[in-house]
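User: I've got a new model open and would like to go through it with you. Just give me the plain picture, bit by bit.
Analyst: Sure, here it is.

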Amino acid sequence: MMDVDRGIRVAVDTGDVTLGSEKSIQSLKLGKGKLVVVAANAPKDILEDVEYYANLSDIPAHTYDGTSVDLGSVCGKPFTVATLIINDPGDSTILDDLR
């Protein structure tokens with residue numbers, strides 16, 4: 001869990017990360033992104049959309065073992081984050097950690 005948190009944080013700080021369900025699902029539909037992360041408590045329809053489009057685009061999906069509040073604070077944001085896409089991990093090893 002700690003490695004995933006650190007990996008996400010480093011990616012947010014040094015790479016290119018898209019936050020938010022709508023933008024994330026849009027990216028998945030376009031086949032963009034290297035990894036999608038969904039909070040465990042994300043609404044069911046969002047979870048289903050993410051899984052569906054991630055499969056179509058062959059982008060790995062990871063269910064974050066925490067709430068959208070936890071995910072938001074890991075990203076260093078003062079708001080909830082139900083979904084995020086890592087476009088470029090920057091200095092983060094998260095893509096290797098979750099394979």
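**Loops, sheet and cores**

User: Which residues does Asn 41 touch, leaving out those up to four places away in sequence?
Analyst: Asn 41 touches Gly 66, Thr 67 and Ser 68, where a contact means heavy atoms within 4.5 Å. Asn 41 sits in the loop between β2 and α3.

User: What am I looking at here, and how do the numbers work?
Analyst: This is a predicted model, where local features need pLDDT of at least 70, side-chain atom pairs count only at pLDDT 80 or more, and totals for chains, interfaces and linings use all residues. Residues are numbered from 1 along each chain as its sequence is written, and side-chain values use heavy atoms, with hydrogens and water left out.

User: And those Greek labels?
Analyst: Helices (H or I, at least four residues) and strands (E, at least two) are DSSP runs, numbered from the N terminus.

User: Back to Asn 41, what does its accessibility make it?
Analyst: Partly exposed, at 42% relative accessibility. The cut-offs are under 20% relative accessible area for buried, over 50% for exposed and partly exposed in between, with a 1.4 Å probe and protein chains only. Its C-alpha atom is 9.4 Å from that of Val 69, 28 residues apart along the chain.

User: OK, the sheet. What's the strand order?
Analyst: β1-β4-β2-β3, in an open sheet of four strands with mixed pairing. Two strands pair if DSSP finds at least two bridges between them. β1 (16-19) and β3 stand at the edges with a single partner strand each, so one side of each has no neighbour in the sheet. On average, neighbouring strands are turned by 20 degrees against each other, direction ignored.

User: Which way do β2 and β3 run, parallel or antiparallel?
Analyst: Parallel, over four bridges. β2 and β4 run antiparallel, also joined by four bridges. Val 38 has Thr 63 as its bridge partner in β3 and Thr 83 in β4. Val 36 stands opposite Ala 61 in β3.

User: Is β2 buried or exposed?
Analyst: Five of its five residues are buried, so β2 is largely enclosed by the rest of the structure. Leu 35, Val 37 and Ala 39 point one way, Val 36 and Val 38 the other.

User: What about β3, which side chains point where?
Analyst: In β3 (residues 61-64), His 62 and Tyr 64 point to one face and are buried. Ala 61 and Thr 63 point to the other face and are not buried.

User: How do the helices sit on all this?
Analyst: α3 (residues 44-57) makes a right-handed β-α-β unit with β2 and β3. Right-handed means that, with the strands pointing away from the viewer, the path from the first strand over the helix to the second runs clockwise. α3 lies across β2, β3 and β4, at about 165 degrees to β2. Helix α2 (residues 21-29) lies across β1, β2 and β4, at about 50 degrees to β4. Those angles run from 0 to 180 degrees between N-to-C directions, with axes fitted to C-alpha atoms, for helices over the stretch in contact.

User: Now the packing. How many residues are in the largest nonpolar core?
Analyst: 17, and those with the most contacts inside this core include Ile 8, Val 37, Tyr 64 and Leu 71. A core here is a set of buried Ala, Val, Leu, Ile, Met, Phe, Trp, Tyr and Cys residues joined through side-chain atoms within 4.5 Å. α1 (2-14), β2 (35-39), α4 (68-74), β4 (83-88) and α5 (94-97) each supply at least two of its residues. α1 gives the most, with four residues.

User: Anything separate from that?
Analyst: Yes, a second core of 11 residues, including Leu 28, Val 38, Ala 42 and Val 50.

User: Any aromatic pairs?
Analyst: A search of the whole structure finds one. The rings of Tyr 52 and Tyr 53 have centres 5.0 Å apart and planes at 80 degrees, so they are edge-to-face. Rings of Phe, Tyr and Trp (its six-membered ring) pair with centres within 6.5 Å; planes under 30 degrees apart are stacked, over 60 edge-to-face and the rest tilted.

User: Last one, what's odd about the phi of Asp 58?
Analyst: It's positive, about 60 degrees, although Asp 58 is not a glycine. Most residues other than glycine have a negative phi. Asp 58 lies in the loop between α3 and β3 and is exposed, at 70% relative accessible area.
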